[in-house]
Amino acid sequence: MAEAHQAVAFQFTVSGDGIDCQMSHEALRQIYLSGVHSWKKRFVRFRNGMMTGVYPGSPAGLAAVVACYMSCCRYRRVADPSLGLCAALGRRLPGAVVERMSSSCPRVSADVQHVLGGVLVGTGLWVGVVLAARTALRCMLSWHGWIEAPHGAPPPWRTRLWVLLVRLLSGGTDPMLYSFQTSLPRLPVPAVRDTCRRYLESVRPLLDDGEYARMATLAGDFERGLAPRLQRYLRLKAWWASNYVSDWWEEYVYLHGRGPIMVNSNYYAMDFLYVFPTSVQAARAGNAVHAIMLYRRALDRAQVAPLMVLQGAVPTCSAQYERMFNTTRVPGVEADAVQHVAESRHVAVYHRGRYFRVTLFYDGRLLHPREIEQQMARILADESPPQDGEEFLAALTAGERAPWAAARNAHFARGVNRRSLDAVEKAAFFMTLDDTEQRFDADDPVRSLDAFAKALLHGKCHDRWFDKSFNLVVFANGTMGLNAEHSWADAPVVGHLWEHVLSLDPGPVLGYAEDGHCRGEPHPSLPPPQRLRWDLPAECREAIRGSLAVARSLADDVDAHVFPFDDFGKGLIKRCRVSPDAFVQIALQLAHRRDKGAFCLTYESAMTRLFLEGRTETVRSCTAETCAFVRAMDDDGAAAATTRECCLALLRRAAEKHQGMYRAAMTGRGIDRHLFCLYVVSKFMGEDSPFLREVLSEPWRLSTSQTPLQPDTLRNLERHPEYVSLGGGFGPVADDGYGVSYIIVGEDLINFHVSSKHSSPETDSHRFGANIRRAMLDMRDLFQLDDDGDVK
């Protein structure tokens, strides 16, 4: 094999004439350049670690403090600027040490002692100022009164003053990705009484009087009995650990799950809606891979700006970015684990049943997009057949976790399989050159978008490595998307990466030549991709077939529907003085009641990244106020003017309630994560709580999530309205329920992703999508609009 010969840097043979040594100078050169690249990265990481460790301090601040202190000492004619510190240190040194120093070093002059003492004390003063500023900033960020301001109203003077102080304490330099990690507050533990009260309030519209009385009794017994003991352990953990929820959430919600992660856990992100930059598959892959690796380099250098809210004043946690690349989920018999390696210089590629290892660095640099396209074109031109069992190998990652763990331990622990599996699991990310074509078709928008979503959510069930942190999928006609594993991070983190890729791809930064290929020229001597080899015995192939059958059954049951809603968007909703997210959530409740004739327990995710290592909290969107509005719309009708005014008042009340619950979830006053952690502690203690058991077993028949656009998105949609993303979605959470994801794009577009199961007679994604559209239009009609679409 050509790649095997190129990998040999040194050969020798022993003969009767002696030892004949042969060295490949090119291979040795590449080894040298690789080492230089590695040491540069280590230096950058060390420097960034130092800068982050002293933030909001800076070298300029250190120089200023030392200079001011020395100037003050000289102005006041202080003889010893170290304030006796140097003399005290000298007295405490052992006599032998002093003698050796005196004999081996010339005596230090008084001026040098003066400068060294001043620098020493000035540095200590600077460190004290930094620690004080960091402590003060943490205290300031623990106040969340700013989030309580009414939607659309200007912030009060107290909030404006608070923002000014936060900006002053944050320093004048641009923060790096992890600069605020030491200044973020910890997630507080709510009082059990408050959590139980909020829980009972959330289920009141879903229960009749008898069921509610029973739940209130269970909650009261729990609050007076077991809860205080559980709460004490939880407060101890909150004091000791960085976050009292996140590690247990990752371990018990994600990693302990034994069912398939395909559809049930993984989610997807889609390409542009209207723009198709190129139809050349290898070229689109070349630009996308290069853009992704540029993002990884920025992450390694901590040059990605942290997500800030409230006009860029309030930082959020960046911990989830650490495992975006070089990460895989490793199956276990009882629980999985997340494996992350510090460095990876290659990507694993799947095409037509074969696996390839593509190195992304050469001559000590990242390959250019045209060179990556060259490598992808070589893979596309390779006509070698798959090895026995190789084509469906990735189905192991799509099926049940325990069989995959058993097969991994039995057949992938050593030899050629171990080496090839390492090449996949330790790759920067996984990539599929798909042989199908997917895109938005204006002549058949429903079928084309639904097929696009299913292709990204599960594909053929054997052409995605679902354990990798994310899979880049490039289709035969040049469209693309992502499939992401959920345990290591939440969707907004992956969304930030995807926005970066889409912003660089068709524009002036990367772009394409007139013939659709990447700009630049191919490399004349680039080593070809390395084909991975497998030795899969009959027992392993049988395990693969079993996992594939499970995965196909799950994939065939998915009913996915994606549709752009372009009748109006957040521009009109905000002019109506209603939160766009609250408006959509209330519309989902109206659509669900029209679809099923009843309300249900509803899950909406809200981020808790205002706290250190925060992830998500649940907003229980089905409130009593929302139910009152829905009943008024459907039971009373909205034809009469008086009824319209009544419905409008109920809508505003429901929106305010939803916003209040969303704010509470973001600021650590949610319901479900607290109850979840209390339940985990009860299991550790061997205690049984009927209240917690019933709460944790309630199904979420409507699971929703908004895909947020970063406030500093790299592409201006006002100047380029054609570059709108379809967003992403996920599979249904309950067998008889719906999964709904939506992305609010620009001022006039909301893209919806609806999923359910064909096997449920109660659900139909297309029917529910039609109900969503009708609910949105009916709610808009409550507002009086003039001919220009403005609210009267």
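**Figure 1. Lining of the largest cavity in the predicted model.** The largest cavity is lined by 19 residues. Leu-187, Val-245, Thr-608, Glu-617 and Arg-673 are the lining residues that lie nearest its centre. Two or more residues of this lining come from each of α11 (246-255), β18 (616-620) and α23. By residue class, the lining of the largest cavity comprises 7 nonpolar, 8 polar and 4 charged residues. The volume of the largest cavity is about 140 Å³. Cavities of 30 Å³ or more number 2 in the model.

**Figure 2. Lining of the second largest cavity.** The space in the second largest cavity amounts to about 30 Å³. Its lining consists of Tyr-268, Leu-457, Ala-560, Gly-729, Phe-730, Gly-739, His-753, Val-754 and Ser-755. At least two lining residues are supplied by β20 (728-730), and at least two by β22 (749-757). Strand β22 contributes the most to the lining of the second largest cavity, namely 3 residues. This lining divides into 5 nonpolar and 4 polar residues, with no charged residue.

**Figure 3. The largest nonpolar core and the surroundings of Trp-162.** In soluble globular proteins, nonpolar side chains tend to be buried together. The largest nonpolar core of this model contains 60 residues. Trp-162, Tyr-199, Phe-222, Val-314 and Phe-691 have the most contacts inside this core. Helix α23 (residues 672-685) provides the largest share of the core, 6 residues. Helix α23 also gives two or more residues to the lining of the largest cavity. With neighbours within four places in sequence left aside, Trp-162 is in contact with Met-140, Leu-141, Trp-143, Trp-146, Leu-310 and Val-314.

**Figure 4. Another nonpolar core, apart from the largest.** Apart from the largest nonpolar core lies another core, of 57 residues. Its members include Ala-285, Val-289, Tyr-321 and Leu-482.

**Figure 5. An aromatic cluster and the pair formed by Tyr-350 and Tyr-355.** The whole structure holds 27 aromatic pairs. In one of these, the ring centres of Tyr-350 and Tyr-355 are 5.1 Å apart and the ring planes stand at 75°, so the pair is edge-to-face. The cut-off behind this assignment is an angle over 60 degrees between the planes. Tyr-350 and Tyr-355 are both buried. One aromatic cluster is formed by Tyr-350 and Tyr-355 together with Trp-404, Phe-412, Phe-430, Trp-465 and Trp-534.

How values were computed: Residues are numbered from 1 along each chain as its sequence is written. This is a predicted model: local features need pLDDT of at least 70, side-chain atom pairs count only at pLDDT 80 or more; totals for chains, interfaces and linings use all residues. Side-chain values use heavy atoms; hydrogens and water are left out. A nonpolar core is a set of buried Ala, Val, Leu, Ile, Met, Phe, Trp, Tyr and Cys residues joined through side-chain atoms within 4.5 Å. Buried means under 20% relative accessible area, exposed over 50%, partly exposed in between (1.4 Å probe, protein chains only). Helices (H or I, at least four residues) and strands (E, at least two) are DSSP runs, numbered from the N terminus. Contact means heavy atoms within 4.5 Å. On a 1 Å grid over the protein atoms alone, a cavity is a set of points where a 1.4 Å probe fits but cannot get out, and a pocket is an open set with protein on both sides within 12 Å along at least five of seven lines; lining residues have an atom within 4 Å of a point. Grid points are joined across faces, edges and corners, and a volume is the space filled by probe spheres set on the points. Ala, Val, Leu, Ile, Met, Phe, Trp, Tyr, Cys and Pro count as nonpolar, Asp, Glu, Lys and Arg as charged, and the others, Gly among them, as polar. Rings of Phe, Tyr and Trp (its six-membered ring) pair if their centres lie within 6.5 Å; planes under 30 degrees apart count as stacked, over 60 as edge-to-face and the rest as tilted.
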